[in-house]
Amino acid sequence: MKSIVILISGRGSNMESLLAAVAAGSLPVRVAAVLANRADAKGLETAAAAGVVTRVVEHRSFASRDAFDAALAEAIDAFSPDLVVLAGFMRILSDGFVRHFAGRLINIHPSLLPSFPGLHTHQRAIDEGVRVHGCTVHFVTPALDHGPIIVQAAVPVLDGDDAASLAARVLAQEHQVYPLAVRWFAEGHLQLVDGRVVFSAPQDSAGALVSPLARVAR
Ligand code: GRF
């Protein structure tokens, strides 16, 4: 069975959705560890309560980004994971780090990339007046919030939405698609071809590869 390491910085609800999918038997991976760059990351308690090994590599204890990234890579490598899953990990990673984990490092971003990379995605979506918003799971490349897209889920932007209501609608989709993307990786369905993700699942299982449709919660 493939093993994963999950990186968090805060609340950890995406991490929780992954742990729940593993516990439910719908995600065939072993969670080797949950790592955080802050000792006060709320998700660390959730992970520990679920019996998962946790580690903290405090970015503030390092003089440079490169020094932190080297320590983080070493802490991850200690678990020899097949896949590193960024789940609300709020640090920009150096090119060297990304190269070290190339093809086995994925992220979830709360927008339909390539629209709205960076922060405050929900407010920016509202300010732009877009009618469709969502989330993206992608392989990580050195460019911020960029890289081959694995899966996206879309939600409508409703009249009267504010950043919080839109974030909640998107987050519900994040919790659906992240376990799905990790499962596809674990089952060997994802191939990187010319910088794009190609599904190598047999044709007859294509139905299972359709992204869950957003349900509008009014
Ligand atoms: C999520 O919206 C994720 O897409 C973004 O940061 C947020 C993390 O939330 N990268 P959580 O810590 O998983 O609850």
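Which polar backbone atom is 2.8 Å from an oxygen atom of the ligand? That atom belongs to Asn14. The structure is a predicted model, and its ligand site is described here, followed by two backbone features.

## Polar contacts of the ligand

Asn14 is one of three residues described here by a distance to the ligand. Its backbone supplies a polar atom 2.8 Å from a ligand oxygen. Arg11 uses its side chain: a polar atom there lies 2.5 Å from an oxygen atom of the ligand. Ile108 pairs with a nitrogen atom of the ligand, and a polar backbone atom of Ile108 is 3.2 Å away from that nitrogen.

On its own, the ligand has 370 Å² of accessible area. The protein covers 86% of this area.

## The pocket and its shell

The ligand sits in the largest pocket. Two elements each give two or more residues to the shell around the ligand: helix 1 (13-24) and strand 5 (105-109).

The residues around the ligand are Arg11, Gly12, Ser13, Asn14, Gly88, Ile108, His109, Pro110 and Glu174. By class, the shell holds 2 nonpolar, 5 polar and 2 charged residues. Both domains take part. Domain 1 (1-101) gives at least three residues to the shell, and so does domain 2 (107-218).

## The loop after strand 5

What kind of peptide bond joins Leu113 and Pro114? The bond is cis, with omega at about 10°. Most peptide bonds are trans. Pro114 has its place in the loop between strand 5 and helix 5 (121-128).

His120 is found in the loop between strand 5 and helix 5 as well. Its phi is positive, at about 55°, although His120 is not a glycine. Most residues other than glycine have a negative phi.

How values were computed. Residues are numbered from 1 along each chain as its sequence is written. This is a predicted model: local features need pLDDT of at least 70, side-chain atom pairs count only at pLDDT 80 or more; totals for chains, interfaces and linings use all residues. Side-chain values use heavy atoms; hydrogens and water are left out. A residue is near a molecule or strand if one of its heavy atoms lies within 4 Å of it. A polar contact is a pair of N or O atoms within 3.5 Å; within protein, one must be able to donate a hydrogen and the other to accept it, and residues adjacent in sequence count only if both atoms are side-chain atoms. Accessible areas come from the Shrake-Rupley method with a 1.4 Å probe; for residues, only the protein chains shown count as cover. On a 1 Å grid over the protein atoms alone, a cavity is a set of points where a 1.4 Å probe fits but cannot get out, and a pocket is an open set with protein on both sides within 12 Å along at least five of seven lines; lining residues have an atom within 4 Å of a point. A molecule sits in a cavity or pocket if more than half of its atoms lie within 2 Å of its grid points. Helices (H or I, at least four residues) and strands (E, at least two) are DSSP runs, numbered from the N terminus. Ala, Val, Leu, Ile, Met, Phe, Trp, Tyr, Cys and Pro count as nonpolar, Asp, Glu, Lys and Arg as charged, and the others, Gly among them, as polar. Domain bounds come from an automatic or database domain assignment.
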